[in-house]
Amino acid sequence: MIEISKMSGEFEKLGIELITGKDNIESKVSYITILELPEKNYNFKPQGLVLSTFQSFKSLNDICEQISWLKKLGILAIGFHKAHYKEVPKAVIKHCKELNMPLFSIPVNIPYHKILDIFNQLENEQLNLRSYEIYKLNDKILESVFMGKDSGYIINLIGNYIKENIILLDPYMKVKAVWKDPAHSQEYMDYLTSRLTSKYKEKLLQSRFLKRDLQLAIADKNITLNVTPITSNISKKSFIGYLIFSKEILTNLYNDEVIKMGIKAISMMGSKRSISENHLKLKDIKKFETLIENESNNLKENDFYIPVSKISYCIRVQFLNDEVLNESFNTISTVFMEKSSNVLTWIYNDTQIAYLEEQDDVNEFLEVLSMYNAHAIGLSAKLENISLADISKMNTQARTAMLSAKDNGKLMASWNDIGIEKVAYNIEELPLLKSLDNELLLPIIEYDLKKDGDLLKTLNSCLTHFFNVKAIAEELFIHPNTVRYRLRQINELLNMDINKSSNFALLVLAVKLYEKNN
């Protein structure tokens, strides 16, 4: 696109004079066309310069009417060739002045092709200049990566060239960098980012996981935004953020080139950071496994990349098959491993395990997890200012809650919400009590097998309802006297008073352990 002022300077060399619209010469013309027939053709595109002798028009009024119509279509300037009219009619000059429309007076001896040649020459010069500008800018963008500049510096370089609003969001949809068009207020930008990260959150996630651009129409602002997900140029699983800008930017070849180079630079920048950070986090994971398995007392907090004391939660997740487990891990690690925070997640003993810092981390973990068919989820209690010794404790809590959820047909359980399972699911750590269920319950188990009885089922109901005969009878659909008879049998077979508080607690533990083992 060539400014009218620049064309006018070159046209003057041929004796072509700009006689009106000198206040509007900063406008840029994208093409030149010729019109000789007095017809209204709607194929005219905006931002054009129309050349004509107006020979076929019946009257000056028709010429003026045609110029007004061209103005409405977005035509920027008129070239009046004096092949038919020896001078540009005063009525036409007056009309163009009223429209503030640039009007060129073209001498009779100047053919159209010379005007077109000048325009093409100016376009080629501009193309060469813009290409050089793009080359220098791209060079500067890449240089900024190797100099260790942040993403805000790159966004600033892009914005200063494109002169349009640009937003960079991190993987958590928090604003990382912004370039604001001076024509827009800060309130406008705040509103835009707020809408993107609330109303269009699901759309952004869709763009991220499908790894494709998407366009969002913000109706109340009359703008369509392009969202480009940025991944590492080394690992496509490493997500860096979202680059958001007006869709119109991509209609300009030069702007499109700058945007592509900016995305490449941000990707390279993210890769440099994530390679070293993920390497250190992977080393931390190996150390965490050592702590979980109680195999080392030599580790100290300063041996870890992450500040361990900030860890507050542990989650364990069990899936029905390895395929879903791997898919869940890949997605969640994409979300968390690239985040500069105190979060670790990996596959451990056929389950997914995660150590997280904030309640927000837990919420996001569960939100992403909801896309997969988890079988059982266990959450530890919240611990603060933990020591290395707490790493194993948190894992045990999460694992116990996960097993409780699985055995009770629930999707999720937390350590704070479970009861006797806290002991029953960890009794294997005490060899003396490992076979407690068989030692206590074997007589009634054998009786049920021989007699096809329901003494164990009755005992479990008794413990659940605290020996409320009516409630037990209703649950088992038997007569209350049958309940009393079975309780006497259980007392005799176990050789203990099951109503005694210490025996009651022992039996609850034994039944839970039996359920876990069977």
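# Aromatic pairs, helix contacts and two loop residues

In this predicted model, the count of aromatic pairs comes to 12. In one of these pairs, the ring centres of F11 and F104 are 5.2 Å apart and the planes stand at 80°, so the pair is edge-to-face. Because F11 belongs to helix α1 (residues 4-12) and F104 to strand β7 (residues 103-106), the pair ties together parts that are 93 residues apart in sequence. F11 and F104 are both buried. Another aromatic pair, W346 with Y355, is stacked, with 6.1 Å from centre to centre and 15° between the planes. Both W346 and Y355 are buried as well. A pair of aromatic rings is described by the distance of the centres and the angle of the planes. Besides these pairs, F54, F57, F80 and Y85 form one aromatic cluster.

## Helix crossings

The table lists three helix pairs with the approach of their axes and their crossing angles.

| Helix pair | Axes come within | Crossing angle, roughly |
|---|---|---|
| α1 and α4 | 10 Å | 130° |
| α4 (residues 112-146) and α5 (residues 151-162) | 10 Å | 170° |
| α13 (residues 436-451) and α16 (residues 480-494) | 8 Å | 125° |

The axes of α1 and α4 cross at roughly 130°. That angle makes α1 oblique to α4, and the crossing is right-handed. On the α1 side the contact is made by K6, M7, E10 and F11, and on the α4 side by I115, I118, F119 and L122. These residues divide into 6 nonpolar and 2 charged, with no polar ones. F11, listed here on the α1 side, is also the residue whose ring pairs with F104.

Helix α4 has a second partner in α5, and their axes cross at roughly 170°. That makes α4 roughly antiparallel to α5. From α4 the contact takes in R130, E133, I134, L137, K140, I141, S144 and V145, and from α5 it takes in Y153, I154, L157, I158 and Y161. Of the residues in this contact, 9 are nonpolar, 1 is polar and 3 are charged. An α-helix has 3.6 residues a turn, so residues three or four places apart point the same way.

For α13 and α16 the axes come within 8 Å and cross at roughly 125°. Helix α13 is therefore oblique to α16. The crossing of α13 and α16 is right-handed. Here L440, L441, P443, I444 and Y447 of α13 meet Q489, I490, L493 and L494 of α16. The division for this contact is 8 nonpolar residues, 1 polar residue and no charged residues.

## Helix α14 and what covers it

Helix α14 (residues 455-464) is mostly covered, since 7 of its 10 residues are buried. The buried residues in α14 are L455, L456, T458, L459, S461, C462 and L463. Among the elements that cover them are α13, α15 (469-476), α16 and α17. Both α13 and α16, whose crossing was described above, are thus part of the cover over α14.

V511 is placed in helix α17 (residues 501-517). Is V511 buried or exposed? Its relative accessible area is 5%, which means that V511 is buried. Leaving aside residues up to four places away in sequence, V511 touches L441, L459, N460 and L463. Of these, L459 and L463 are among the buried residues of α14, and L441 is one of the α13 residues that meet α16. From C-alpha to C-alpha, V511 and D407 are 13 Å apart in space, while in sequence they are 104 residues apart.

## Two residues with positive phi

Most residues other than glycine have a negative phi, and most peptide bonds are trans. N100 is not a glycine, yet has a positive phi of about 55°. This residue is in the loop between α3 (90-99) and β7, the strand that holds F104. With a relative accessible area of 33%, N100 is partly exposed.

F466 also has a positive phi, near 55°, and is a residue other than glycine. Where is F466 placed? F466 is in the loop between α14 and α15. Its relative accessible area is 63%, so F466 is exposed. The neighbouring helix α14, in contrast, is mostly covered.

Methods. Residues numbered from 1 in each chain as written. Predicted model: local features only at pLDDT ≥ 70, side-chain atom pairs only at ≥ 80, totals over all residues. Heavy atoms only, no water. Axes fitted to C-alpha atoms, helices over the stretch in contact; angles between N-to-C directions. Helix = DSSP H or I, 4+ residues; strand = E, 2+ residues; numbered from the N terminus. Parallel < 35°, antiparallel > 145°, perpendicular 65-115°, else oblique. Left-handed = near helix turned anticlockwise from the far one by under 90°. Contact = heavy atoms within 4.5 Å. Nonpolar A, V, L, I, M, F, W, Y, C, P; charged D, E, K, R; others polar. Buried < 20%, exposed > 50% of the residue type's maximum accessible area, 1.4 Å probe, protein only. Phe/Tyr/Trp six-rings, centres within 6.5 Å; stacked < 30°, edge-to-face > 60°.
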